[in-house]
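Reader: Could you give me a close look at the aromatic rings here, and at what sits around them? Take your time, and throw in the wider setting at the end.

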Amino acid sequence: MKRLFLISMLLLLVAATMIAQGNNNARKILDRTSAVVGNKGGATASFTLSGGKLGKQQGTIAIKGNRFYVQTTKTIVWFDGKTQWTYLKGGDEVNVSSPNAAQQQAMNPYTFIRLYRNGYNLTSKTKGKGYMVHLLAQNKKQGLQELYITVDAKYRPTQVKMRQASGWITIDIKNFKTANLSDAKFKFNAKEFPKLEVIDLR
């Protein structure tokens, strides 16, 4: 009986060590990815988004810190770190809001560069020449419960897959490039859209 107990304890210790190593490896991968994505001057990419209630959309994204600019076939979104402007193409108005963290995550797939640091269990595996990291929320009330981040051998993201209340959303990323972006890119410029009515929803 004592021998069985010792074997059980040894197996638990080995399992705990493997989990810790898995977390460390996954964290190192995301640390390196975060350094690439978090380039001081910003970054740009093209993407295809599918799943949930959004259907399938293609577009481009520019990011700089916690700011982003997204343009799809249907919408343009500017976010300067505090205020968000949303324009539905073909419409006659732009809506102004102050999105919470969960809403920012839904709009900007690159929020994972900060998200993974707290509140998630991490595991990783090799995928092709790159890696896939799985994030699972420790708190069941977390806005994003589960994510899969796939990166290439140079730690550039190629896919973000996230589970929300409405189901899985997959974002396939191409043409990721670091850049030197102006802060003005992330603010709505009324002079460029003189006919639009600004609706403040804050």
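Author: Let's start with a charge and a ring: Lys-161 has its charged end over the ring of Trp-168, 5.3 Å from the centre of that ring. Keep in mind that this is a predicted model. There's another such case at Tyr-69, where Lys-185 lies over the face of the ring, 4.6 Å from the ring centre.

Tyr-69 is a handy way into the ring pairs, too. Together with Trp-78, Tyr-87, Phe-188 and Phe-193, Tyr-69 belongs to a cluster linked by ring pairs. So Tyr-69 turns up twice in this story, with Lys-185 over its face and with aromatic partners in the cluster.

How many aromatic pairs does the count come to? Taking rings as paired when their centres lie within 6.5 Å, you get eight aromatic pairs. One of them is worth a slow look: Trp-78 and Phe-188 have ring centres 5.2 Å apart and planes at 75 degrees, and since an angle over 60 degrees is the mark of an edge-to-face pair, that's what this one is. Along the chain, these two partners are distant, with their positions 110 residues apart. Trp-78 is in strand S4 (residues 75-79), while Phe-188 is in the loop that runs between strand S11 (167-178) and strand S12 (197-200).

Buried or exposed, then, for these two rings' residues? Trp-78 has a relative accessibility of 5%, so Trp-78 counts as buried. Phe-188 comes in at 12%, and because the cut-off for buried is under 20%, Phe-188 counts as buried as well.

Now for the strand just ahead of that loop. S11 is joined to S1 by eight bridges, and the two run antiparallel. On its other partner, S1 (residues 43-51) is joined to S2 (residues 56-64), again by eight bridges and again antiparallel. Thr-48 is a good place to see both pairings: look across to S2 and its bridge partner is Gln-58; look across to S11 and the partner of Thr-48 is Asp-172.

Stepping back, the protein chain has three helices and twelve strands. Of its 202 residues, 39% are buried, Trp-78 and Phe-188 among them. As for contacts with a separation of 6 or more, 48% come from residues 24 or more positions apart. On the outside, the chain exposes about 12100 Å², with carbon and sulfur atoms supplying 54% of that area.

How values were computed:
Residues are numbered from 1 along each chain as its sequence is written. This is a predicted model: local features need pLDDT of at least 70, side-chain atom pairs count only at pLDDT 80 or more; totals for chains, interfaces and linings use all residues. Side-chain values use heavy atoms; hydrogens and water are left out. Rings of Phe, Tyr and Trp (its six-membered ring) pair if their centres lie within 6.5 Å; planes under 30 degrees apart count as stacked, over 60 as edge-to-face and the rest as tilted. Helices (H or I, at least four residues) and strands (E, at least two) are DSSP runs, numbered from the N terminus. Buried means under 20% relative accessible area, exposed over 50%, partly exposed in between (1.4 Å probe, protein chains only). A charge sits over a ring if NZ of Lys or CZ of Arg is within 6 Å of the ring centre and within 35 degrees of the ring normal. Contact means heavy atoms within 4.5 Å. Accessible areas come from the Shrake-Rupley method with a 1.4 Å probe; for residues, only the protein chains shown count as cover. Two strands pair if DSSP finds at least two bridges between them.
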